[in-house]
Each structure stands twice: as structure tokens, then as C-alpha cells.
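Please look through the sequence and the model before reading on. The paragraphs below go from the chain as a whole to its helix pairs and then to single residues.

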Amino acid sequence: MSGLDEILPHTGSLIRRAQQRHAAEWARLVSNTITSVQFAALAILADTPGASQRELGDALEVDRSTIADLAARLERNGLVAREQDASDRRRNVLKLTPAGMRELKRLRPRVDAVEQAMTGALSAAEVAELRRLLRGLLDAPDASASTTAGRRLAQLGV
């Protein structure tokens, strides 16, 4: 056990440090311009074209202003087209552009490389157990993350 583990043995500290490592691996292997949340948005939209901003925000577990900023950024970068829903003018729907689909396909193997960098020292059984335990934390009754959205992001490898 390292000195830091003795001083800060808490689960939250380990999760924070793992997230920092994930962010560093993401920047090294995937992109300095597309974040893991943006990648997740692209993957969700590829799977559910025409999702509303609210549906995408729910899937990503982000608030309305955050999803609006995220959608605007993806739109500015030409990866997503945002349109007013013809049947409900208050609702914006999002679709991947051809450039967005190309970017998603280009990034997928790099995201897999981050997964390998993060879990390569673990056996397949250990990776499965780690995911099971993390889902247990997210699925706890008092957790702020919804079960469906947490599982959705896990399926996407994000």
C-alpha cells in the first residue's frame, strides 16, 4: 500500500484518482478536442438518431444547460445537426452528421485502447468484477445516477 493509500484510503479518493488516470489516457490515446462525454453523445446518437436534447441529457446524466452547451459544441464542430422537432417546436432533435459518424468510427478503436490501458493489468474476471462493483455503487438507492443511464454509458465503454 502506498503512502497516499494509507492517508486517503477512501473509495472516493480511489475513484477520483482512477478518473484522473482515465482523463490522462484519454488525452494521450483518443483526443485533446473530443471529450469522453462528447464521444458518449456521438455513440448514443448513432444508436438513437433523432433523440431530443433532453433524452441525450438523461442518457448522459447531465443537466439541461450542460446538454445544450454540449450539443452546441458538437454542432459547431460539424459532428451533429440540431433541428427543431416538426411536431413539437419546443423540442430540439439531434442527428449525427456524416462527419460525426466518421469521427465516431475513427475514435472507437482509440477508446478501446483507453480501456486496455486502464484494465490491461486485470484479468477478464477482475474487469467484470470491477464493473459489477462500480455499477453497484451507481445503482445504490441513494445514488444520483440513474440505473439505465449508468448501464448505457458502461455499454459504450465510456
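What follows is a walk through a predicted model.

The chain has eight helices and three strands. Read along the sequence, these elements come in the order α-α-α-β-α-α-β-β-α-α-α. The chain holds 158 residues, and 32% of them are buried. Its accessible surface is about 9,900 Å², with carbon and sulfur atoms accounting for 54% of that area. Of the contacts between residues at least 6 apart in sequence, 56% link residues that are at least 24 apart.

The helix pairs come next. Two packed helices are described by the angle between their axes and by the distance between the axes. Three such pairs are taken in turn here: H2 with H6, H3 with H6, and H3 with H4.

Helix H2 spans residues 11-29. H2 packs against H6 at an angle of about 140°, and the two axes are 9 Å apart. Angles over 145 degrees would count as roughly antiparallel and those from 65 to 115 as roughly perpendicular; H2 and H6 are therefore oblique to each other. Their crossing is right-handed. On the H2 side the contact is made by Ala18, Arg21, His22, Glu25, Trp26, Arg28 and Leu29, and on the H6 side by Arg110, Val111, Ala113, Val114, Ala117 and Met118. Sorted by class, the residues of this contact are eight nonpolar, one polar and four charged.

One residue of that contact, His22, can be followed further. Is His22 buried or exposed? Its relative accessible area is 15%, so His22 is buried; the cut-off for buried is under 20%. Leaving aside residues up to four places away in sequence, His22 touches Ser36, Val114 and Met118. Val114 and Met118 are also among the H6 residues in the contact with H2, while Ser36 falls in helix H3, which covers residues 36-47.

Helix H3 in turn packs against H6 (residues 98-119). The angle for this pair is about 120°, and the axes lie 10 Å apart. H3 and H6 are therefore also oblique to each other. The crossing of H3 and H6 is left-handed. Phe39, Leu42, Ala43 and Ala46 are the H3 residues that take part, and they meet Gly100, Met101, Leu104, Leu107, Arg108 and Val111 of H6. This contact of H3 with H6 is made up of eight nonpolar residues, one polar and one charged. Val111 of H6 appears in this contact and is also listed in the contact of H2 with H6.

H3 has a further partner in H4. The axes of H3 and H4 come within 10 Å and cross at roughly 125°. That makes H3 oblique to H4. This crossing is right-handed. H3 contributes Val37, Ala40, Ala41, Ile44 and Leu45, and H4 contributes Leu56, Ala59 and Leu60. Which classes of residue make up the contact of H3 with H4? There are eight nonpolar residues in it, with no polar and no charged ones.

The loop after H4 holds a residue with a notable backbone angle. Most residues other than glycine have a negative phi. Glu61 is not a glycine, yet its phi is positive, at about 60°. Glu61 sits in the loop between helix H4 (53-60) and helix H5 (64-76). With a relative accessibility of 34%, Glu61 counts as partly exposed.

The last stop is strand E3 and the start of H6. E3 covers residues 92-96 and includes Val93. Val93 counts as buried because its relative accessibility is 8%. Apart from residues up to four places away in sequence, Val93 touches Gly50, Ala51, Ser52, Ala81, Arg82, Glu83 and Asp85. Val93 and Arg54 are separated by 39 residues in sequence, and their C-alpha atoms are 8.9 Å apart.

Pro98 belongs to helix H6. Pro98 counts as exposed because its relative accessibility is 61%, whereas Val93 is buried. The C-alpha atoms of Pro98 and Ala81 are 9.9 Å apart, with the two positions 17 residues apart in sequence numbering. Ala81 is also one of the residues that Val93 touches.

Technical notes: Residues are numbered from 1 along each chain as its sequence is written. This is a predicted model: local features need pLDDT of at least 70, side-chain atom pairs count only at pLDDT 80 or more; totals for chains, interfaces and linings use all residues. Side-chain values use heavy atoms; hydrogens and water are left out. Axes are lines fitted to C-alpha atoms, for helices over the stretch in contact, and angles run from 0 to 180 degrees between N-to-C directions. Helices (H or I, at least four residues) and strands (E, at least two) are DSSP runs, numbered from the N terminus. Angles under 35 degrees count as roughly parallel, over 145 as roughly antiparallel, 65 to 115 as roughly perpendicular and the rest as oblique. A crossing is left-handed if the near helix is turned anticlockwise from the far one by less than a right angle, and right-handed if clockwise. Contact means heavy atoms within 4.5 Å. Ala, Val, Leu, Ile, Met, Phe, Trp, Tyr, Cys and Pro count as nonpolar, Asp, Glu, Lys and Arg as charged, and the others, Gly among them, as polar. Buried means under 20% relative accessible area, exposed over 50%, partly exposed in between (1.4 Å probe, protein chains only). Accessible areas come from the Shrake-Rupley method with a 1.4 Å probe; for residues, only the protein chains shown count as cover.
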